[in-house]
Amino acid sequence: MFDLISRFAPPWLASALTGIWFALLIWAIFFASMAQDVDFRYWRM
Amino acid sequence: VILKGTTDIAFLSWMVASVAAYWATPARLRTETVILTTAIFLALADPISLGVFVTMTAVVFVACRSGNATIIGATVTIIATLFAFKAIDPNRGVLGDGNHIIPLGLSFFTLRCVHVLIERYLQTIQPPNPRQLVGYLFFLPTIIAGPVHRYPAFISQDKPSLDWSRVSNGLERILYGYVKIIVVSNYLLSSQLFPKLKPNFVESSAGFQYLDCLDFGLNLYFQFSGYSDIAIGFALLLNKKVMENFDLPLLRTNLVDFWRSWHMSSTSWFREYVFTTVYAFSRRRSLSTIATMLAIGLWHGLTLNFIAWGLYHGIGIVASQLWGAMVFRGQRLNGTASFLLGLAGWFVTFNYVIVGFAWTKERNIASALRVFRILLRGVGLSDV
């Protein structure tokens, strides 16, 4: 993501935006994990 | 049960412990460390799986140092072992009795073993030494559900030094994998979207059955591609680059491109070893395509449903190729016509794939056919 953003923004801004993006994703994972049972259903074959 | 799924805390802990153990070990012993963590993981998660894998590895090792007849015998034995386990699995075989579940990762392990045997038969690889072979086959990131990475590419990338760009890319891929599985599939699709949409239709309506196929297909895609992201990221943390598995398959505009971008590591395996072999003997493209898709169906499960699913896609690919040859005839279309044909191609391909999941999500052929009858009635083909 940093590589993508740094094409359009200076490195300090790309670092900050990448950090915010990762923090949002990690928050979404924790939020979704709290909301339901975590399960991967298709892995045994 | 130590392992509920790839997203549970046990697997995450194993991932962290394996990476820590890998980098804490001197460079010359890192392959052995991965082998050991993989073996311990299998021993705890599924001891039968460990026993089967050790036996298969021994068979491959001995065969690779013997003549072609032994290699052929070993290949047949390994494929027969997979089919025997599939046959008695309640979800994957015709003889399933509810008591025997296929060993963890066996389908993928089989493809890797057969790959090594065939490449040795073709003499494109040297007889593997035990460290290389076991290191390739007992690689924790890919052992559960792929990708089906290849031996020559795997053993040629022994870099002892820490590559921070790989670590960074690996962590990012793992994060995206968890987002796909936990946020998109488990939460947005399974807990929010489909539980709200489905109750608006009765079970025997085309709307419900279409949503059920969509539910299954989208979940399968996000879970499986999410798992692949985790496996690829995990491999990067162990300093290995393995094959990609998905490349936006649900956006493809024809069935051939769909299968080139869906579960790529296994479909390329079948293309290299099944399609090429059948085509070499028959010289008939359509027959080779259908045989390949039938083999893919059988690899997924030894049931009539998986056979029907394989044939469904084989026939679909042949029809797609005939349509392409008939319409385009080697000509290039202009912008608007190309865009509209692409859009129509995507619509047909997406729905063909999604509806095709009725073969695999239903428990038997009669039930799958019922779904198709309801869907056809929904689009006005009531007499079919």
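**Exercise 1.** In this predicted model, identify the residues of chain B that form one aromatic cluster.

*Solution.* The cluster consists of F216(B), Y221(B), F222(B), F224(B), F246(B), F258(B), W259(B), W262(B), W309(B) and F357(B). Over all chains, the count of aromatic pairs comes to 30.

**Exercise 2.** Classify the aromatic pair formed by W269(B) and Y273(B), and place both residues in the secondary structure.

*Solution.* Step 1: the ring centres are 5.1 Å apart, and pairing requires centres within 6.5 Å. Step 2: the angle between the planes is 75°; because planes over 60 degrees apart count as edge-to-face, the pair is edge-to-face. Step 3: both residues belong to helix α12 (residues 264–282) of chain B, where they are four residues apart, about one turn of the helix. In an α-helix there are 3.6 residues a turn, so residues three or four places apart point the same way. Step 4: W269(B) and Y273(B) are both buried.

**Exercise 3.** Determine whether W27(A) is buried or exposed, and name the patch to which W27(A) contributes.

*Solution.* Step 1: W27(A) lies in helix α2 (residues 11–35) of chain A. Step 2: its relative accessible area is 54%; since exposed means over 50%, W27(A) is exposed. Step 3: together with L17(A), I20(A), L24(A) and F31(A), W27(A) makes a nonpolar surface patch of about 520 Å².

**Exercise 4.** Describe the span and burial of helix α5 (residues 106–121) of chain B.

*Solution.* Step 1: the 16 residues of α5(B) reach 22 Å from first C-alpha to last, close to the 22 Å expected. Step 2: 14 of the 16 residues are buried, leaving the helix mostly covered. Step 3: Q123(B), with a positive phi near 60°, follows α5(B).

Definitions and conventions
Residues numbered from 1 in each chain as written. Chains lettered and ligands numbered in written order. Predicted model: local features only at pLDDT ≥ 70, side-chain atom pairs only at ≥ 80, totals over all residues. Heavy atoms only, no water. Helix = DSSP H or I, 4+ residues; strand = E, 2+ residues; numbered from the N terminus. Expected span 1.5 Å × (residues − 1). Buried < 20%, exposed > 50% of the residue type's maximum accessible area, 1.4 Å probe, protein only. Patch = residues over 30% accessible without salt bridge, like charges linked within 9 Å, V, L, I, M, F, W, Y side chains within 5 Å. Areas by Shrake-Rupley, 256 points an atom, 1.4 Å probe, with all protein chains shown as cover. Salt bridge = Lys/Arg side-chain N within 4 Å of Asp/Glu carboxyl O. Phe/Tyr/Trp six-rings, centres within 6.5 Å; stacked < 30°, edge-to-face > 60°.
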